[in-house]
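Biologist: I would like to learn how to read a few features of a model like this one, taking them one at a time. Could we begin with a helix and go on from there?

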Amino acid sequence: MKSNSTAAQWTGMVPVDDTALAVTDSGGDGIPVLYLNGQFATQGYWRQVITDLGPTWRHITFDGRARGKKSGCSADYSFEAAVRDVDAVLAARGVDRALLVGWSYGAVVAAHWAHRHPARTLGAVLVDGAFPYDWLDEAMEQRIRKLFRRMRWFMPLLRPTGLTPRMSAEEQADSNIELGRLSREQELGPVLNGITVPVRYVVASGTSLGSRGDEQERIRAGLDAVTAANAHIRVSAKVESNHGALLKKDHQAITGAVREVVALHSGSAAEGPAH
């Protein structure tokens with residue numbers, strides 16, 4: 001499960017398509033863990049998870065296109081571009097197989113990667129994301145566009161800090177709406193049902209940005225059918241923190257799920273193929 005050779009600690013830019021991504025690799029010969037950020041978040045959000053796991057793991061983080069302070073802008077902010085970026089980062093760091101940890105939007109990216117590349121995926125931890133549920137309708141699409149139009153006035157003020165992406169309000173809305181389409185049961189359900197590597201969910205409680213009432217809890221309930229259909233997928237923990245706070249407040253639940261996935265993969269590998 002470890003990388004092919006001991007890698008030195010590295011921070012730099014990885015070219016992909018028409019842009020370049022800011023990447024940090026802790027190096028070492030531990031199990032490679034690739035962290036996939038929330039839709040407009042940065043690699044800094046993983047700090048406490050990484051600290052809790054410790055230096056015996058190889059931690060690889062990166063900022064997506066136009067996210068953070070350094071990653072470049074692009075003409076393509078699509079979901080498929082985000083999946084290609086996983087390829088680019090792993091290839092640049094010489095990693096053949098990795099354990100993926102994705103939060104929110106990153107959980108959907110991780111699920112697709114695990115489904116498409118089972119031989120290269122040690123397993124995945126999906127943090128309050130990748131729930132198959134038809135939450136996007138015309139009314140919700142209009143709510144999303146209205147929300148980002150309202151936010152466009154103050155987001156530029158935060159861009160120098162890296163806290164908001166260097167994307168227009170329309171580009172951010174389009175990305176969020178695309179996520180809604182990809183999250184529909186008929187789209188995401190088959191992806192999750194087809195995963196053949198160990199996957200563990202860490203599920204938050206309460207609301208997320210833009211949600212109302214019990215909307216987010218109803219979305220999370222879509223996971224029940226997934227765990228019933230696929231024995232590789234289980235819920236490791238449901239925590240009290242809401243969607244935005246769990247990386248900070250419940251990082252131990254996430255690291256516990258990472259260790260659980262590695263233990264499951266190790267046990268499966270030790271058993272060998274069935275005869």
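Modeller: Let us begin with helix 3, keeping in mind that the model is predicted. At 1.5 Å a residue, the twelve residues of helix 3 should span 16 Å, and because its end C-alpha atoms lie 17 Å apart, the expected and the computed span agree.

Biologist: Is helix 3 mostly covered or mostly open, and which of its residues are buried?

Modeller: The general idea is that an α-helix has 3.6 residues a turn, so residues three or four places apart point the same way. In this structure helix 3 is mostly covered, with ten of its twelve residues buried; the buried residues include Tyr105, Val108, His112 and Trp113. Among the elements that cover these buried residues are strand 3, helix 2, strand 5 (98-103) and strand 6 (121-127), and helix 6 and helix 7 also take part.

Biologist: How should I read a pair of aromatic rings, and how many such pairs does a search of the whole structure find?

Modeller: A pair of aromatic rings is described by the distance of the centres and the angle of the planes. Here the search of the whole structure finds five aromatic pairs. One of them is formed by Phe79 and Tyr105, whose arrangement is edge-to-face, with 5.9 Å from centre to centre and 75° between the planes. This pair links distant parts of the chain, since Phe79 belongs to helix 2 and Tyr105 to helix 3, 26 residues apart. Both Phe79 and Tyr105 are buried.

Biologist: What about empty space inside the model: how many cavities of 30 Å³ or more are there, and what lines the largest cavity?

Modeller: Rolling a probe the size of a water molecule over the atoms shows where empty space is left. In this model the count comes to one cavity of 30 Å³ or more, and about 230 Å³ of space lies in the largest cavity. Its lining has 20 residues, of which Phe62, Gly64, Arg67, Ala82 and Tyr105 are the closest to its centre. Strand 3 (32-36), helix 2 (79-92) and helix 3 (105-116) each supply at least two lining residues, and the largest share, four residues, comes from helix 2. By class, the lining has ten nonpolar, six polar and four charged residues.

Biologist: Finally, where is Ser183, and is Ser183 buried or exposed?

Modeller: Ser183 sits in the loop between helix 6 (169-182) and helix 7 (185-193). Its relative accessible area is 5%, under the 20% cut-off, and therefore Ser183 counts as buried. Leaving aside residues up to four places away in sequence, Ser183 touches Phe131, Pro132, Tyr133, Trp135 and Leu188.

Definitions and conventions
Residues are numbered from 1 along each chain as its sequence is written. This is a predicted model: local features need pLDDT of at least 70, side-chain atom pairs count only at pLDDT 80 or more; totals for chains, interfaces and linings use all residues. Side-chain values use heavy atoms; hydrogens and water are left out. On a 1 Å grid over the protein atoms alone, a cavity is a set of points where a 1.4 Å probe fits but cannot get out, and a pocket is an open set with protein on both sides within 12 Å along at least five of seven lines; lining residues have an atom within 4 Å of a point. Grid points are joined across faces, edges and corners, and a volume is the space filled by probe spheres set on the points. Ala, Val, Leu, Ile, Met, Phe, Trp, Tyr, Cys and Pro count as nonpolar, Asp, Glu, Lys and Arg as charged, and the others, Gly among them, as polar. Rings of Phe, Tyr and Trp (its six-membered ring) pair if their centres lie within 6.5 Å; planes under 30 degrees apart count as stacked, over 60 as edge-to-face and the rest as tilted. Buried means under 20% relative accessible area, exposed over 50%, partly exposed in between (1.4 Å probe, protein chains only). Contact means heavy atoms within 4.5 Å. The expected span of a helix is 1.5 Å times one less than its number of residues.
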